[in-house]
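Thanks for coming, everyone. I would like to walk you through one model today, going slowly enough that you can follow along on the screen.

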Amino acid sequence: MSTALPVLKADDFASDQDVRWCPGCGDYSILAQMKKVLPEIGVPPEQTVFISGIGCSSRFPYYVNTYGVHSIHGRAPAVATGLKLARPDLSVWVITGDGDALSIGGNHFIHLLRRNVDLNIILFNNRIYGLTKGQYSPTSVEGQITKSTPMGVVDHPLNPISVAVGAEATFIARSVDSNVKHLAYTLKRAAAHKGTSFVEVYQNCNVFNDGAWSYAQDKATRDDTTIELEHGKPMIFGKDRDKGIRLNGLNLEVVDLKDGKVKEDDLLFHDEQANSTLVYMLSRMRRPEFPEPIGVFRDVRTETFEEAVHGQIEQVVAKKGRGDLQKLFNSGDTWRVN
Amino acid sequence: MRRTECATTNLRPLMTTEAISSKPVHSVSGVTVRLVGDSGDGMQLLGTQLTNTSALSGNDVATFPDFPAEIRAPRGTRAGVSGFQVQFASHEVHTPGDSLDALVAMNPAALVTNLADLIKGGLLIVNEDSFEDKDLKLAKLKTNPLEEPAMENYRLIKVPMTRLTKEAVAEFGLSVKEADRCKNFFAMGLVYWLYGRNMDATLRFIHGKFGDGKSVIAQANEKALRAGWAFGETIEGIGHSYRIEPAKLAPGTYRNIMGNQALAWGLLAAAQRSGKDMFYGTYPITPASDILHELAKFKNFGVCTFQAEDEIAAVCSAIGAAYGGQMAVTTSSGPGIALKAEAMGLALMLELPMLIIDVQRGGPSTGLPTKTEQADLLQVMFGRNGEAPLPVLAARSPADCFEIVQEAWMIATQLMLPVIVLSDGYIANGAEPWAIPDMSKLSPIKVEHPSENNNPDGPFKPYARNELLARPWAIPGTPGLMHRVGGLEKEDGTGNISYDPDNHQKMVNIRAQKVANAAKLLPPQQVIGPQSGDLLVISWGGTYGTCLTAVQQAQAEGHSVALAHIRYMNPFPSNLGEVISRYKNVLIPELNMGQLRMLIRNRYLVDAIGFNKVKGKPFTVRELHEKIVEHCKSPSRQEAHAK
């Protein structure tokens, strides 16, 4: 006799806690999409763990009815790595922000990516410190006026996607909080990838940095300011789909498709398995010169960290058998006192 | 009748080396020998071999390796001197010895930096080939110390080791450098002859390390060892050798063990006894790294070692593994523990069991990486933000490391708390005989993970508590028990975030009481010596052996003194205050500036006297004994106050 598995819905992943983000915060949209996507992934709540650091986004685990750890600032990737090594059977999500992942936790972030631990890390990028009320972050733009930079930011911002490419992440994607369909699709793709899946989400902080991503959110502008990456398809964008991206030597350029001089076949075709130099070039596409890519930059399968670690363990066990402590203690030079 | 026999039947001796000296043999009860040379001269290897061989011959042994932080400091300089001291005896020894009966010095820098510790009339063996002008210059010496009149105080044996080794290994066609490298085995051969040591174990080591019987390097080293032995037998300057009878240790099978090795093996035992796989997250740091090297070898014992990107990631990965239900461990030394502080606070808020091990070294900051000190006690007690107490245990000797981590894991799992274990550089690198336990006789460490919801009226309560105030260790993968934990203050029971003032007070009280409850799981404080009297010496950690030896000496001289060695630094044993009250005075020797003394004074309002030293070196028995005798005679603290 077989028992039918219960069909889970978004509500099954809602916790009993009141959500305490500011009204209008982009985090609500990401939470809603996550709850929508989780039942579709097919992993039951008890097999799912959300781990976060510190910041507005890091309250996320309290709002999903799975297992979860709200850890300390910047360290969620390290906590998650330990959990995943101990329990490869679990589905692990790391929720972080631009300050948490790229400033105080920058070290753990790059090491998580280069190790390729099989988990998903979602970076809510709002280009500001929200929870501490409005200081600039490592993704704030030059000249940005914040509470800690009354004369404007002088740091050069970090580009999260470029950092991920540099760390040789095996799955790299970007989405936008308000583009719910695209966001849900991207989260699902991240879950499906084996290895570290990194997703940057443009997220609006309507209190301290309102409108930072309005160009990418606004339906009136977003077709011209962003370009959706689709595997195997030519890179075309624009409200009228009349502009494209072409590779010219070692540079990308925007070309006009209207007059027919440039054909679709001349454009760059997006390839999720392309070499990292090309992925890096895509990551450098910034407005106003370029539309900013949205979608999956890279998706390649290589050995995950826990596969490698447990592979070594299995190899030794296969060769030597499970260790016998008594034998170990009695090995080598011993002597007996009667 | 007790007798010792070599039980290494699994290792066939390469050839019989039961060489008997034809010279007279003097019987002595114990010897302290120090071997000193360049950090690249293999002094640590030589010392370890001498220790193992002495232990195998049934002596009790205690060692003190002392080496610079630099891997290869400039050759021949004083900064590059590396030493290994071992005491082996026919009686119990608890220290590597104060002063040296014999000193083997491979160069002038090694000689002048160590000679002060050699007793008058002591045996001084030097490699006279390394006392050329250039060698003296490297040691910043204007004259040759071997020609000083002070040499008359010692039995100086000048051995042309470099030349004799070269001649001995000539047949193997080694390069000059390779041949020169064999001279430490020549020195070892001489020392073995001198103390009647059997060469078998070292020969096995040589052939194991440098290849089988066919390896030229192995053959050359064996030849050098035998040449050294033969030199002792023939040279006229040495009239006799020594014999040290086996010590009367408790019956059992023994092996020689180093502190970090015992600690690693203790962790394996703790995992097995609790039916857990172990997750070990760490970052390399002196003097704790050998624990990682040791555990990394045992992947088939259910151990996953993770060398993290930094100290913080190491402890955080352990927290993740603990949440996942494994036996989680992180190790470090003082500087790394400082980095882990915030995460240790998280672990105590999450109320997850794990072990945090601090192998202390000289501080502050980078301090003295390869030297010993006990100056992290207050750091591990108080080095966290907020009201953040944790249980703290301190190992007292290399072999004790095996026991203490198992005890710590028992406390951690029973109370659902991270537990800190203190070791130190002296214990970590020191060695002593260890009675191998029968694993089948060790009781299981009981660990439970709930599978049922403990709340009939709603969601699972992760912070419900038992009589010890421990919360349930519910692990991911368990249906129906989904819960979130975090560093924010939480409501007792539900674990929901709570900023309620009364709840915070309650939770702070509960977390403190949980630590205090550890005392219920632990034995009362014992004393060695009279149950009351003039002086109570309170020791902790790695100074145990020296304190015990000094106290026993004073007791033998008729002084009214006892030793209370504290193993449980937090919470203190529940009877400690009462024990202290039975003595007129309290003396607390520590390799710090008075950290335990501060805790004892604060807790028991007792005017304890400190004896403190921070020189990167252990106490000598002599200086401790002097202090003990002095304070046995002082007026009691009450009388002193009355005046």
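**Sheets, helices and contacts in a two-chain model**

Let me start with a single pair of residues: Asp60(B) stands opposite Ala89(B), which lies in strand 5 of chain B. Before going on, I should say that this is a predicted model, in which local features need pLDDT of at least 70 and side-chain atom pairs count only at pLDDT 80 or more, while totals for chains, interfaces and linings use all residues. Residues are numbered from 1 along each chain as its sequence is written, and chains are lettered from A and ligands numbered from 1 in the order in which they are written.

The pair I began with belongs to strand 4 and strand 5 (residues 81–89) of chain B, which run antiparallel and are joined by seven bridges; here two strands count as paired if DSSP finds at least two bridges between them. Helices (H or I, at least four residues) and strands (E, at least two) are DSSP runs, numbered from the N terminus. Both strands sit in an open sheet of six strands in chain B, with the order 4-5-3-6-7-8 and mixed pairing. Which strands stand at the edges of this sheet? They are strand 4 (60–66) and strand 8 (155–159) of chain B, each with a single partner strand, so one side of each is left without a neighbour in the sheet. On average, and with direction ignored, neighbouring strands of this sheet are turned by 15° against each other; axes are lines fitted to C-alpha atoms, for helices over the stretch in contact, and angles run from 0 to 180 degrees between N-to-C directions.

Chain B also has an open sheet of four strands, in the order 20-19-22-23, and there the pairing is parallel. Strand 20 (561–566) and strand 23 (609–612) of chain B are at its edges, each with a single partner strand, so one side of each has no neighbour in the sheet. The average turn between neighbouring strands in this sheet is 25°, direction ignored. Strand 22 (residues 583–590) and strand 23 of chain B run parallel and are joined by four bridges, and Pro589(B) stands opposite Phe611(B) of strand 23 of chain B. Helix 17 (residues 544–556) of chain B lies across strand 19 (533–540), strand 20 and strand 22 of chain B, and runs at about 165° to strand 20 of chain B.

Turning to helix packing, helix 6 (residues 183–194) and helix 8 (residues 216–234) of chain B pack at an angle of about 40°, with their axes 6 Å apart. Helix 6 of chain B and helix 8 of chain B are therefore oblique to each other, given that angles under 35 degrees count as roughly parallel, over 145 as roughly antiparallel, 65 to 115 as roughly perpendicular and the rest as oblique. The crossing of helix 6 of chain B with helix 8 of chain B is right-handed, meaning that the near helix is turned clockwise from the far one, where anticlockwise by less than a right angle would be left-handed.

Now to the two chains together: 51 residues of chain A are in contact with 62 residues of chain B, contact meaning that the C-beta atoms, placed from the backbone, lie within 7 Å. Helix 2 of chain A gives the largest share of the side of chain A that touches chain B, namely eight residues. That side divides into 22 nonpolar, 20 polar and nine charged residues, where Ala, Val, Leu, Ile, Met, Phe, Trp, Tyr, Cys and Pro count as nonpolar, Asp, Glu, Lys and Arg as charged, and the others, Gly among them, as polar.

Helix 2 of chain A packs against helix 11 (residues 311–323) of chain B at an angle of about 45°, with the axes 6 Å apart, which makes helix 2 of chain A oblique to helix 11 of chain B. This crossing of helix 2 of chain A and helix 11 of chain B is right-handed, and their contact has 13 nonpolar, four polar and no charged residues. The chains meet through strands as well, since three bridges join strand 2 of chain A to strand 18 (residues 484–486) of chain B, and the two run parallel. Within that pairing, His70(A) stands opposite Gly486(B) in strand 18 of chain B.
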